[in-house]
Amino acid sequence: RPIEELSIWDDAKAMLKKARAEGIQTVHDRLDRQTPHCKFCELGTTCRNCTMGPCRVSEKNPLGVCGADADVIVARNFGRFVAGGAAGHSDHGRDLIEVLEAIVEGETSDYKITEENKLRAIAGEVGIKTDGRPTMDVARDVMECFFADFGSRKKEVSFLSRVPKVRKDKWAGLKMIPRGVDREIAEMMHRTHMGCDNDAPNTMIHAARTALADGWGGSMIGTELSDVIFGVPTPKMSTANLGVIKADKVNLLVHGHNPVVSEMILAAARDPELLARAKELGATGINVAGLCCTGNELLMRQGIPMAGNHLMTELAIITGAVEAIVVDYQCIMPSLVQVSGCYHTKFIDTANKARFSGAIHFDFQPKTAMKQAREIVSIAVEAFAQRDAGRVDIPCEPVEIMTGFSNEAVTAALGGSLDPLVQAIAAGDIRGAVGIVGCNNPKIKQDSLNVKLAEELIKKDILVLVTGCVTTAAGKAGLLVPDAIEKAGPGLKKVCGALGIPPVLHYGSCVDNARILQLCAALANALNVDISDLPVGASSPEWYSEKAAAIGLYAVASGIYTHLGHPPNILGSETVTNLAVSGLEDLVGATFFIEGDMVKAADMFDERIKTKRKALGL
Ligand code: BF8
Ligand code: SF4
């Protein structure tokens with residue numbers, strides 16, 4: 001495909017040209033070679049769950065060897081897909097509990113409890129006594145409580161304390177209450193073994209339960225403990241695009257998801273000794289910039305610059321100015337090792353559960369975190385000497401962005417409560433809110449849909465919250481600065497203008513979609529309604545990952561009308577497809593809708609918001 005069709009961004013296009021000139025393969029080249037994809041896999045009608053198969057079912061051949069039909073096969077595949085995503089987010093959450101454990105057990109001094117107040121607030125919410133108790137005692141109980149949320153001894157995960165009662169009752173009636181994170185994921189695997197759950201709607205209900213265990217369990221724990229350990233995000237300015245990579249500095253990119261590694265790398269990069277060594281080698285400093293979600297985590301809390309989102313990860317290395325790329329896990333294309341190998345770039349992995357052949361490996365542990373982080377930064381610094389200045393091309397100047405919108409920060413900006421927001425919604429200045437979340441997908445012109453939908457929604461006085469890879473998209477489009485109110489409708493312009501905030505708020509990484517869930521629950525509780533009564537929505541226009549599917553499903557199951565730019569691989573089953581795009585409405589008060597045209601998608605949200613406002617008497 002011509003480069004013009006691959007991305008809306010000049011920095012991406014310049015680097016794609018450079019890649020082609022230098023003979024470096026990218027994700028786009030590989031997609032072209034993989035196209036056309038297998039039709040059965042696209043429809044979800046292929047099954048590899050046992051060795052009587054693999055089977056592919058169709059009109060001509062409607063049953064697998066065991067007798068499973070398209071409905072059963074599609075539901076099972078989708079269920080496992082969602083379980084994969086829930087496992088990713090939740091295992092990330094568990095890693096934060098393990099860091100808390102290391103703090104509580106006195107095994108690390110590299111990590112600390114930074115936000116005692118937040119720790120105590122969370123403890124209160126999950127029923128742990130805090131009055132007059134030492135912080136470490138409270139922390140230990142929080143740790144035990146969250147570890148237990150992963151198991152099977154509880155009737156429900158702890159943060160269901162945040163969910164409006166009507167919603168919980170709805171879930172209870174559907175057997176959709178998430179009991180334990182690992183339990184629901186394991187049960188999903190069990191149900192989809194040959195000869196278990198052979199009723200597609202029933203499998204889909206459990207898929208929703210698994211997703212809820214992610215949203216209100218694993219992800220929420222991940223977000224909340226990250227805040228406790230690394231700080232609650234507050235509004236601040238930063239910059240984005242490939243221009244954040246600096247020709248005169250040692251550039252170290254952090255990529256992946258968990259702030260446990262990247263926070264330490266950032267701290268180590270401020271070490272005066274390492275800085276002195278960088279200067280000795282001719283650099284003016286050490287520049288830590290972010291990619292994808294671990295970038296979002298550091299952006300929200302520390303204001304580091306963002307080099308790019310998912311489809312920029314290969315391209316960032318192609319600038320030729322990256323000394324090291326340090327990864328933890330998730331969404332890290334294995335091709336980055338090869339692309340790094342085309343330059344002086346060191347590719348460093350840090351998690352035993354996410355190793356990359358050909359990488360420099362560190363088994364990163366809380367006990368030794370700072371020491372290891374220093375070694376890693378030192379590798380980056382030494383690599384500066386090997387940089388080939390002739391191959392460096394940094395294609396643009398960075399753009400400004402505003403970040404750091406945690407619920408705590410928003411509440412503080414509103415003067416201590418959500419009431420002003422409720423009033424702005426009631427008055428119709430803010431007609432509703434939509435979270436635009438998720439990824440890039442090389443099948444879609446990079447960020448074309450992410451940006452377009454945000455622009456269309458703010459015009460209609462619909463507040464937009466962004467997380468994950470949509471962040472950099474919105475940022476590069478100039479939507480994450482207060483001046484972007486000029487692109488918003490009159491009501492949104494008035495409210496955001498008065499507060500000095502953008503009409504598109506950066507709410508964090510993908511696990512931080514839990515912040516949006518919490519906000520919705522708080523608004524519903526304030527109005528004494530269900531989440532499905534709110535004039536809100538969610539969207540993932542360019543999604544690709546299992547995690548995005550889990551997010552979409554927990555949003556819908558929580559009562560949030562959710563848009564996808566393209567369907568998951570479920571179209572081979574009418575039963576499953578109909579359930580997703582209409583049947584769930586009766587069960588959970590929301591559905592998915594699939595729409596590739598963002599003007600139409602924005603209109604759909606508009607209609608939905610109108611209906612919901614009317615029902616609320618607004
Ligand atoms: O968790 S948005 S491409 S980086 S999956 Fe991945 Fe998608 Fe980016 Fe973050 Ni989320
Ligand atoms: Fe085929 Fe059934 Fe085995 Fe799947 S579980 S591979 S449909 S025989």
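Me: Into which domains is the protein chain divided?
Reply: Keep in mind that this is a predicted model. Going along the protein chain, the division gives domain 1 (3–56) and domain 2 (70–230), followed by domain 3 (242–391) and domain 4 (402–615).

Me: Which element gives the most to the side of domain 3 that touches domain 4?
Reply: The centres of domain 3 and domain 4, taken over C-alpha atoms, are 31 Å apart. Across the contact, 14 residues of domain 3 meet 16 residues of domain 4. On the domain 3 side, two elements give two or more residues: H12 and strand E6 (306–308). The top giver, with 6 residues, is H12.

Me: Where does ligand 1 lie with respect to domain 3 and domain 4, and why?
Reply: Helix H12 (292–302) and helix H22 (546–557) each put at least two residues into the shell around ligand 1. Domain 3 (242–391) and domain 4 (402–615) both contribute to that shell, so ligand 1 lies between them.

Me: Which residues come nearest to ligand 1?
Reply: By class, the shell around ligand 1 splits into 7 nonpolar, 6 polar and 1 charged residues. Of the 14 residues there, the nearest are Cys-293, Cys-331, Cys-439, Gly-468 and Cys-510.

Me: How many residues of the shell around ligand 2 are nonpolar?
Reply: There are 14 residues around ligand 2, with Cys-47, Gly-53, Cys-55, Gly-64 and Cys-66 coming nearest. Sorted by class, the shell has 1 charged and 3 polar residues, and the nonpolar count is 10.

Key. Residues are numbered from 1 along each chain as its sequence is written. Chains are lettered from A and ligands numbered from 1 in the order in which they are written. This is a predicted model: local features need pLDDT of at least 70, side-chain atom pairs count only at pLDDT 80 or more; totals for chains, interfaces and linings use all residues. A residue is near a molecule or strand if its C-beta atom, placed from the backbone, lies within 6 Å of it. Ala, Val, Leu, Ile, Met, Phe, Trp, Tyr, Cys and Pro count as nonpolar, Asp, Glu, Lys and Arg as charged, and the others, Gly among them, as polar. Helices (H or I, at least four residues) and strands (E, at least two) are DSSP runs, numbered from the N terminus. Domain bounds come from an automatic or database domain assignment. Two residues are in contact if their C-beta atoms, placed from the backbone, lie within 7 Å.
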